[in-house]
Amino acid sequence: MSGKLEQLRAQEITVGTGQDETQAMGSTRLDRSDMDRMGKVQELKRNFRPLSALSFCAVLQATWEFMLISNSEGLQNGGLAGLFWTYVWTLIGAPTSGGQYHWVSEFGPQQHQKFLSYVTGWMAVLAWQAGAASGSFLTGTIIQGLIIIRDSDYMPQAWQGTLFVFAMVLVIYIFNVYVASWMPRIQNALLVLHVFCWVAIVIVLWAMAPHQSASAVFTQFNNGGGWSTMGVSLMIGQISAIYGSLSSDATAHMSEEVRDASRYVPIAITWGYIGNGLLALVLLITFEFAIPSLEDALNDPSGFPFIYVFKNAVPVAGINGLTAIILIPVIFSNILFNASTARQTYAFARDKGLPFSKWISHVDPKRQLPVNAIALSCLISALLAIINIGSSTAFNAIISLNVAALMFTYSMSLGCVIYRRICHPETLPPKRWSLGKWGLPTNIIAILYVIFAIFWSFWPSDTPTTLDTFNWSVVIFIGVLLISLFMYFVKGHREYVGPVVTVNR
């Protein structure tokens, strides 16, 4: 009898110690309940509070910044009116879904959950790693564009752009490992910076730039790719709007570091997306009114139409200042994007979905961070940047791949959620934040848009298409998909169990 009492006391001490540890990491009772339901151990510290979670989402997505610096495709195929209207329907149709491979595992048909979740996890890793690389690449090439403004004799080289990417990757690693504990504390300041930079750009362009007519901005389309119809050109050009609107679900990857995550993560995703979308809409209208010549903007030596717009509004010193105003939030967006990408990779590796899963999913006990996953994400960004030395077309395909692969994961998770809502609604877990009766219609609209976006994301920008202008993202996409299938049948079906198996219902 005394032996049993001692055993019970030992169990109580163990449980109490576990609760003390999770409380020390910032977890609430509901956080602990959610982690227990999913069968996961709280290894990461919950540093993010509601406002900092919203700030994380808004600054990472950086919609107005990326709509400004990555709009060449939309202006070429679609023109001023095309870029505006494709952004409007993207803002309405783009999905906000998080933790795609997890939701596929939990909500998919029981007999296919494991397989579908595994493939979705691989494509999600691909999408986020490609997205992380594209942000660093844009930062490096913008710096090259600024050098051209100051020195007209400068001839930008691909290898120089790659070195700029390496420098950006180094900054990302330092911030996400050595400054990580401070990031939630400065997150709110970054949100203020995000908004005030927007105010500065909008005021300068309205006050100092020459202005187009309203008819040109809203009704004049451009078929710069030489396609058979304006409609086809418009569909291809919408990739600019899609790319600028991606990543609203990034906060979901940080759920294990957000206090009271089940409530505040979906709130951060929703309001971050809406707020960013409205800021970008105003900025886009302002930017398009400030383009005196679409042809000159697309042919500017810097390679960026927004720099051409600045040149027509302010002197060289002003161009540098305005571009710095854009680059600062974009750099922080890259830092946060890598953090989210590393968490997504860490989570999938923790479920034994990747090779070397044990190493990738290791959490540094001192920093309470997935340092190996952060390092791996930085390494992949650097390796993808090397491709730019040999072929800028191949790297552009990787940027398109970010859109296609992410949309694929959205389609899988949305499809499984719709299946569960319609066929087995009684099995849905309890939720603290919901769209209610609008949930199912929203999911259906989102999945229709996603399928539509996947189809057009693989098209090249010009016709006739050559080896240099072909959009190689479709080849990379299919290649990684085949690798995931191969890995599943070789080892995944034995090692990977999927999150649903660990969920305590």
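**Close-up 1. Contacts of Trp64 in the predicted model.** Trp64 touches His194, Cys197, Trp198 and Ile201. Leu279, Ala280, Leu283 and Ile326 are also in contact with Trp64. This list leaves out residues up to four places away in sequence.

**Close-up 2. The largest nonpolar core.** This core holds 115 residues. Seven members touch the most other members: Trp64, Leu68, Ile201, Phe306, Phe310, Ile326 and Met407. Two of them, Ile201 and Ile326, are also contacts of Trp64. In soluble globular proteins, nonpolar side chains tend to be buried together.

**Close-up 3. The ring pair Phe115 and Phe489.** The whole structure contains 26 aromatic pairs. In one of them, the ring centres of Phe115 and Phe489 lie 6.4 Å apart. Their planes meet at 40 degrees, so the pair counts as tilted; edge-to-face would need an angle over 60, and stacked one under 30. The pair links distant parts of the chain, with the two positions 374 residues apart. Phe115 belongs to helix H8 (residues 113-150). Phe489 belongs to helix H23 (residues 473-495). Phe115 is partly exposed, at 27% relative accessible area. Phe489 is exposed, at 58%.

**Close-up 4. The ring pair Phe470 and Trp472.** Here the geometry is edge-to-face. The centres are 4.9 Å apart, and the planes make an angle of 80 degrees. Phe470 is partly exposed, with a relative accessibility of 29%. Trp472 is also partly exposed, at 32%.

**Close-up 5. The aromatic cluster around Phe115 and Phe489.** Ring pairs join Phe115 and Phe489 with Tyr118, Trp122, Phe348, Tyr488 and Tyr496. Phe115 and Phe489 themselves form the tilted pair of close-up 3.

**Close-up 6. Helix H22, residues 439-457.** H22 has 19 residues. At 1.5 Å a residue, the expected span is 27 Å. The end C-alpha atoms are 26 Å apart, which agrees. Buried positions include Gly439, Asn443, Ala446, Ile447, Tyr449 and Val450. Further along H22, Ala453, Ile454, Trp456 and Ser457 are buried too. An α-helix has 3.6 residues a turn, so residues three or four places apart point the same way.

**Close-up 7. Ile444 in helix H22.** Ile444 is partly exposed, with 34% relative accessibility. By contrast, Asn443 and Ala446 of H22 are buried. The C-alpha atoms of Ile444 and Gly415 are separated by 8.4 Å. Along the chain, these two residues are 29 residues apart.

Definitions and conventions. Residues are numbered from 1 along each chain as its sequence is written. This is a predicted model: local features need pLDDT of at least 70, side-chain atom pairs count only at pLDDT 80 or more; totals for chains, interfaces and linings use all residues. Side-chain values use heavy atoms; hydrogens and water are left out. Rings of Phe, Tyr and Trp (its six-membered ring) pair if their centres lie within 6.5 Å; planes under 30 degrees apart count as stacked, over 60 as edge-to-face and the rest as tilted. Helices (H or I, at least four residues) and strands (E, at least two) are DSSP runs, numbered from the N terminus. Buried means under 20% relative accessible area, exposed over 50%, partly exposed in between (1.4 Å probe, protein chains only). The expected span of a helix is 1.5 Å times one less than its number of residues. A nonpolar core is a set of buried Ala, Val, Leu, Ile, Met, Phe, Trp, Tyr and Cys residues joined through side-chain atoms within 4.5 Å. Contact means heavy atoms within 4.5 Å.
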